[in-house]
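User: Hey, can you walk me through this model? I'm new to this, so plain words please.

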Amino acid sequence: MRDAGVAEEGLESSQGYKTMQAAVEITVDKSDICREIMSELTDWFSEPEVIEACAAAVEALPMFACVDGNRISGFVAMRSHPPDAMEILVIATRTAYHRSGVGRRLLAAAEDCARASGCRILTVKTLAYRGKTEPQYDATRAFYDRNGFIRAEVFPTLWHEDHPCLFFVKPLPAIP
Ligand SMILES: CC(C)(COP(=O)(O)OP(=O)(O)OC[C@H]1O[C@@H](n2cnc3c(N)ncnc32)[C@H](O)[C@@H]1OP(=O)(O)O)[C@@H](O)C(=O)NCCC(=O)NCCS
């Protein structure tokens, strides 16, 4: 397992857990991890076929996770678009660890992975605002807004006309 280069420090989750976490590369049980954590997040992922599609896809993709003891608190899986872009296919933190810095660490690992492949942008697709009160998706979009992603374009029918796609990009300036 590769240390993703994220400094370790004490974290406190929304439920008061004190944790010690660093993002590491995961090489086994990737489908199971993806399926288990996405299935917990029912406010975001309600369609079993979407979860199964992600679980199948991640098996062949680089995956990074934060670990608390022997429990995985969150993971990110990356899809390459050579030569210059790397996409976050899926990122998810267990509810108990939301706002404890796990997502930020996963993004750092994703950026390290992208840079290591020579990529100049990190991208992610998520649900666009669709005229409904859906605070959970507002929170997801806020997460990307506050972590350096730029709202590049909305694709109204890429997925489905009821699921408009918001395409975020994050430029990755070269580190001198
Ligand atoms: C999106 C997600 C991965 C973020 O993970 P997280 O571990 O809660 O994120 P972090 O604690 O590292 O948050 C880092 C920063 O992002 C921003 N942020 C995170 N959640 C936010 C929210 N609900 N509202 C506003 N800003 C938020 C904040 O700036 C936060 O820093 P702060 O807590 O010091 O203010 C997590 O909420 C999640 O799993 N959501 C459900 C699944 C999902 O939406 N996945 C993405 C699909 S494309």
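User: Okay, which residues come nearest to the ligand?
Analyst: This is a predicted model, so keep that in mind throughout. G103, R104, A139, T140 and A142 come nearest, out of 22 residues around the ligand.

User: And which elements give two or more residues to that shell?
Analyst: Those are β6 (85–93), α3 (102–116), β7 (121–127) and α4 (135–145).

User: Which one gives the most?
Analyst: That's α4, with 4 residues in the shell around the ligand.

User: What classes of residue make up the shell around the ligand?
Analyst: By class there are 10 nonpolar, 9 polar and 3 charged residues.

User: Let's zoom out. How many helices and strands does the chain have?
Analyst: The chain has 4 helices and 9 strands. Starting at the N terminus, the elements go β-β-β-α-α-β-β-β-α-β-α-β-β.

User: What share of the chain is buried?
Analyst: Buried residues are 33% of the 176 residues in the chain.

User: What about contacts between residues far apart along the chain?
Analyst: If you take the contacts with a separation of 6 or more, 59% of them are between residues 24 or more positions apart.

User: What's the mean pLDDT of the chain?
Analyst: The mean is 90, and 88% of the residues reach 70 or more. Over residues 1–20, though, the pLDDT is below 50. That stretch still has 42 contacts in the model beyond near neighbours in sequence.

User: Back to G103. Where is it placed?
Analyst: G103 is in helix α3.

User: Is G103 buried or exposed, and why?
Analyst: G103 counts as buried because it has 22 C-beta neighbours inside 10 Å, and the cut-off for buried is 20 or more.

User: What does G103 touch?
Analyst: Leaving out residues up to four places away in sequence, G103 touches G74, I91, T93 and F143. There's also a distance you can check on screen: G103 and Y144 are 41 residues apart in sequence, and their C-alpha atoms are 9.9 Å apart.

User: Tell me about α3 itself. What span should it have, and why?
Analyst: α3 has 15 residues, and at 1.5 Å a residue it should span 21 Å. Its end C-alpha atoms are 21 Å apart, so the model agrees with that.

User: Which residues of α3 are buried?
Analyst: They are V102, G103, R105, L106, L107, A109, A110, E111, C113 and A114.

User: What do those buried residues pack against?
Analyst: The buried residues of α3 pack against β3 (23–26), β4 (63–68), β5 (71–81), β6, β7 and α4.

User: Is there a general reason residues in a helix can point the same way? What is it?
Analyst: An α-helix has 3.6 residues a turn, so residues three or four places apart point the same way.

User: Why does A114 count as buried?
Analyst: A114 is buried because 24 other C-beta atoms lie within 10 Å of its own. A114 touches M86, C119, L122 and L172, not counting residues up to four places away in sequence. A114 and M78 are 36 residues apart along the chain, with 8.5 Å between their C-alpha atoms.

User: What happens just after α3?
Analyst: G118 takes a positive phi there, of about 80°.

User: New topic: how do β8 and β9 run, and how many bridges join them?
Analyst: β8 (residues 150–160) and β9 (residues 163–171) run antiparallel, joined by 6 bridges. They form a hairpin with 2 residues between them. One pairing to look for is H160, whose bridge partner in β9 is H163.

User: Any odd backbone spots? Which peptide bond is cis?
Analyst: The bond from P82 to P83 is cis, with omega near 5°. P83 sits in the loop between β5 and β6. For background, most peptide bonds are trans, and most residues other than glycine have a negative phi.

User: So where is D29, and what is its phi?
Analyst: D29 is in the loop between β3 and α1 (30–40). D29 isn't a glycine, yet its phi is positive, about 60°. D29 counts as partly exposed because it has 13 C-beta neighbours inside 10 Å.

User: And what is the phi of R99?
Analyst: R99 has a positive phi near 60°, and this residue is not a glycine either. You'll find R99 in the loop between β6 and α3. With 14 other C-beta atoms within 10 Å, R99 is partly exposed.

Methods. Residues numbered from 1 in each chain as written. Predicted model: local features only at pLDDT ≥ 70, side-chain atom pairs only at ≥ 80, totals over all residues. Near = placed C-beta within 6 Å. Nonpolar A, V, L, I, M, F, W, Y, C, P; charged D, E, K, R; others polar. Buried ≥ 20, exposed ≤ 12 C-beta atoms within 10 Å, placed from the backbone. Contact = placed C-beta atoms within 7 Å. pLDDT = per-residue confidence, 0-100. Expected span 1.5 Å × (residues − 1). Pairing = 2+ DSSP bridges.
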